[in-house]
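This report walks through a single protein chain for someone meeting it for the first time. Please keep the sequence and the model in view while reading.

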Amino acid sequence: PPRSTLFPYTTLFRSIVWPTEPVLAGITMQLLRRDPDVRSRSASVRLADLASYRSVVVTNARGIVPVGRIDEVALPIDDAFVKELDAVYAAIPSDRL
């Protein structure tokens, strides 16, 4: 299966939180991270805190996917945020091969 990286979204700072813990810095993450339309900050992300975030997504080669549950922890999904992030990602120009 594709490798993914988990990113929560918080309304407190209205931004994506990039984990300071070691993560797989895949292409989708790198593109979003350097896009000026994506507000973000870095912070420690703990499983116990995820339910307090507005939404949590994973990124991988297939794009951006909301996460509704990790083990027994139910997570909120902000559909508007996911759609907005999808639109930003879709608007990033592709490299020509």
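What follows moves from the whole chain to its helices and then to individual residues.

## Basis and overall layout

The structure is a predicted model, in which local features need pLDDT of at least 70 and side-chain atom pairs count only at pLDDT 80 or more, while totals for chains, interfaces and linings use all residues. Residues are numbered from 1 along each chain as its sequence is written, and side-chain values use heavy atoms, with hydrogens and water left out.

The chain contains 2 helices and 7 strands, and these follow one another along the sequence as β-β-α-β-β-β-β-β-α. Helices (H or I, at least four residues) and strands (E, at least two) are DSSP runs, numbered from the N terminus.

Of the 97 residues in the chain, 37% are buried; here buried means under 20% relative accessible area, exposed means over 50%, and partly exposed lies in between, with a 1.4 Å probe and protein chains only. The chain exposes about 6400 Å², of which carbon and sulfur atoms supply 52%, the areas coming from the Shrake-Rupley method with a 1.4 Å probe and, for residues, only the protein chains shown counting as cover. Among the contacts in the chain with a separation of 6 or more, 57% join residues 24 or more positions apart, where contact means heavy atoms within 4.5 Å.

## The two helices

Helix H1 covers residues 27-34, and its buried residues are Thr28, Met29, Leu31 and Leu32. They cover an arc of only 165° around the axis, which puts them on the same side of H1; the arc is that of the directions from the helix axis to the C-beta atoms. On the face of H1 turned away from this buried side are the exposed residues Ile27 and Arg34.

For H2, with 13 residues, the expected span at 1.5 Å a residue is 18 Å, and the end C-alpha atoms are 18 Å apart, which agrees; the expected span is 1.5 Å times one less than the number of residues. Phe81, Val82, Leu85 and Val88 are the buried residues of H2. Seen down the axis, these buried residues fall within an arc of 125°, so they line one face of the helix. The face of H2 turned away from the buried side carries Asp79, Ala80, Lys83, Ala90 and Ala91, which are exposed.

## Salt bridges and polar contacts

The chain has 2 salt bridges, a salt bridge being a side-chain nitrogen of Lys or Arg within 4 Å of a carboxyl oxygen of Asp or Glu.

| Salt bridge | Closest N and O atoms |
|---|---|
| Arginine 46 and aspartate 49 | 3.1 Å |
| Aspartate 78 and arginine 54 | 2.8 Å |

In the bridge between aspartate 78 and arginine 54, distant parts of the chain are linked, since aspartate 78 lies in the loop between strand E7 (73-74) and helix H2 (79-91) and arginine 54 in the loop between strand E3 (40-43) and strand E4 (55-60), 24 residues apart. Aspartate 78 is buried, with a relative accessible area of 10%, whereas arginine 54 is partly exposed at 42%. In the other bridge, arginine 46 is partly exposed at 48%, and aspartate 49 is partly exposed at 28%.

Aspartate 78 also caps the N-terminal end of H2, with a side-chain oxygen 3.1 Å from the backbone nitrogen of alanine 80. This is a polar contact, defined as a pair of N or O atoms within 3.5 Å, where within protein one must be able to donate a hydrogen and the other to accept it, and residues adjacent in sequence count only if both atoms are side-chain atoms. The backbone nitrogen of aspartate 78 is in turn reached by the side chain of serine 55 at 3.1 Å. Serine 55 belongs to strand E4 and is buried, at 0% relative accessibility. Asparagine 60 also lies in strand E4 and counts as buried at 12%, and its side chain reaches the backbone nitrogen of arginine 62 at 2.7 Å.

## Around strand E7

Alanine 74 is located in strand E7 and is partly exposed, at 46% relative accessibility. Leaving aside residues up to four places away in sequence, alanine 74 touches Ala51, Gly68 and Arg69.

Aspartate 71 lies in the loop between strand E6 (69-70) and E7 and is exposed, with a relative accessible area of 61%. Its phi is near 55°, a positive value in a residue other than glycine. Most residues other than glycine have a negative phi.
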